[in-house]
Amino acid sequence: IAVAALASSGPALSAVLQVPQQFNTVQDAIAVSQDGDTIQLGGGVYSVPIDFLGKDIVLKGAGMGVTVLDGSQSIGPVVRMTSGEGTAAELKDLTIEFGSAVKGGGLLLEGASPRVTRCRFQRNAAENGGGVWMQGGEPRFIDCEFVSNTTITGHGGGVFATESSPVFAGCLFHSNSATLHAGALFLQYSEASIESSSFDQNMSDDQFSMAGAVLSHEGSLYV
């Protein structure tokens with residue numbers, strides 16, 4: 001009896017929740033998930049918005065271009081992590097597209113430090129941070145693509161980071177544009193690291209812009 005009691009008091013096993021086999025929507029699966037769980041998406045186009053609700057879970061698709069989170073029928077970020085999600089939270093093997101928001105059309109991070117792996121952010125738009133907007137946290141972007149994202153009025157067509165410490169490793173920034181500064185990546189009061197990444201055909205629409213691709217303001221950039 002003592003052994004059985006000890007075993008039952010251990011940590012819960014992680015679960016794999018499948019969409020659409022078990023749940024109709026991604027958000028339905030997140031609602032019942034627990035830290036450590038994986039939500040597995042099959043190929044196809046999925047409705048949004050999606051909020052991680054502060055949970056350290058993995059949202060995994062079948063690959064860029066195979067599993068698509070499509071924001072064309074909604075207003076606001078496609079994916080939101082704004083409740084202290086930690087380093088165990090992860091977005092993986094997804095395309096995130098057509099998001100439209102005030103900040104972070106594709107992904108909004110506030111005080112979150114997720115890992116984002118093999119995700120493509122494309123054709124998202126926002127006033128600042130068309131693809132991704134972040135404040136606080138230490139998110140890591142591994143082998144991601146930022147393609148044809150744009151700002152409506154501001155900075156950072158691909159990514160806008162303020163008071164953050166992001167890492168970009170093996171990433172591609174292509175054909176992103178900003179109305180003001182930094183078509184690809186705008187950093188403000190941030191310490192960022194860029195490793196083995198490429199920047200191609202990013203631009204600013206402002207003829208007086210100080211940077212077409214990357215601008216770091218009052219921060220540090222390690223390349």
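**Chatting about cysteines, a core and some strands**

Colleague: Cysteine 171, buried or exposed?
Modeller: Cysteine 171 is buried, as its relative accessible area is 2%. Keep in mind that this is a predicted model.

Colleague: How many disulfides turn up in the whole structure?
Modeller: Zero, after searching the whole structure. For cysteine 171, the nearest cysteine sulfur belongs to cysteine 144 and is 4.9 Å away. A pair has to be within 2.5 Å to count, so cysteine 171 is in no disulfide.

Colleague: And how far is the nearest cysteine sulfur from cysteine 119?
Modeller: That sulfur, again from cysteine 144, is 5.2 Å away, and cysteine 119 is in no disulfide. Cysteine 119 is buried too, with a relative accessible area of 0%.

Colleague: New topic! Which residues have the most contacts inside the largest nonpolar core?
Modeller: Leu59, Leu69, Leu91, Phe141, Phe146 and Phe168, in a core of 43 residues. Another core, of six residues, lies apart from it and includes Phe160 and Leu215.

Colleague: What does phenylalanine 141 touch, beyond its close sequence neighbours?
Modeller: Its contacts include Phe121, Met134, Phe146, Phe168 and Cys171.

Colleague: Now the strands. Which strands pair with S2?
Modeller: Strand S1 (residues 16-19) runs parallel to S2 and is joined to S2 by four bridges. S5 (residues 58-60) also pairs with S2 in the parallel sense, over three bridges. In that pairing, isoleucine 39 has leucine 59 as its bridge partner.

Colleague: Which residues form the covered face of S2?
Modeller: Ile39 and Leu41 do, while Thr38 and Gln40 make up the uncovered face. On the S1 side, valine 16 stands opposite threonine 38.

Colleague: How does the chain get from S1 to S2?
Modeller: Through helix H2 (residues 26-32), in a right-handed β-α-β crossover.

Conventions. Residues are numbered from 1 along each chain as its sequence is written. This is a predicted model: local features need pLDDT of at least 70, side-chain atom pairs count only at pLDDT 80 or more; totals for chains, interfaces and linings use all residues. Side-chain values use heavy atoms; hydrogens and water are left out. A nonpolar core is a set of buried Ala, Val, Leu, Ile, Met, Phe, Trp, Tyr and Cys residues joined through side-chain atoms within 4.5 Å. Buried means under 20% relative accessible area, exposed over 50%, partly exposed in between (1.4 Å probe, protein chains only). Contact means heavy atoms within 4.5 Å. Helices (H or I, at least four residues) and strands (E, at least two) are DSSP runs, numbered from the N terminus. Two strands pair if DSSP finds at least two bridges between them. A crossover is right-handed if, with the strands pointing away from the viewer, the path from the first strand over the helix to the second runs clockwise. Lists of a residue's contacts leave out its neighbours within four places in sequence.
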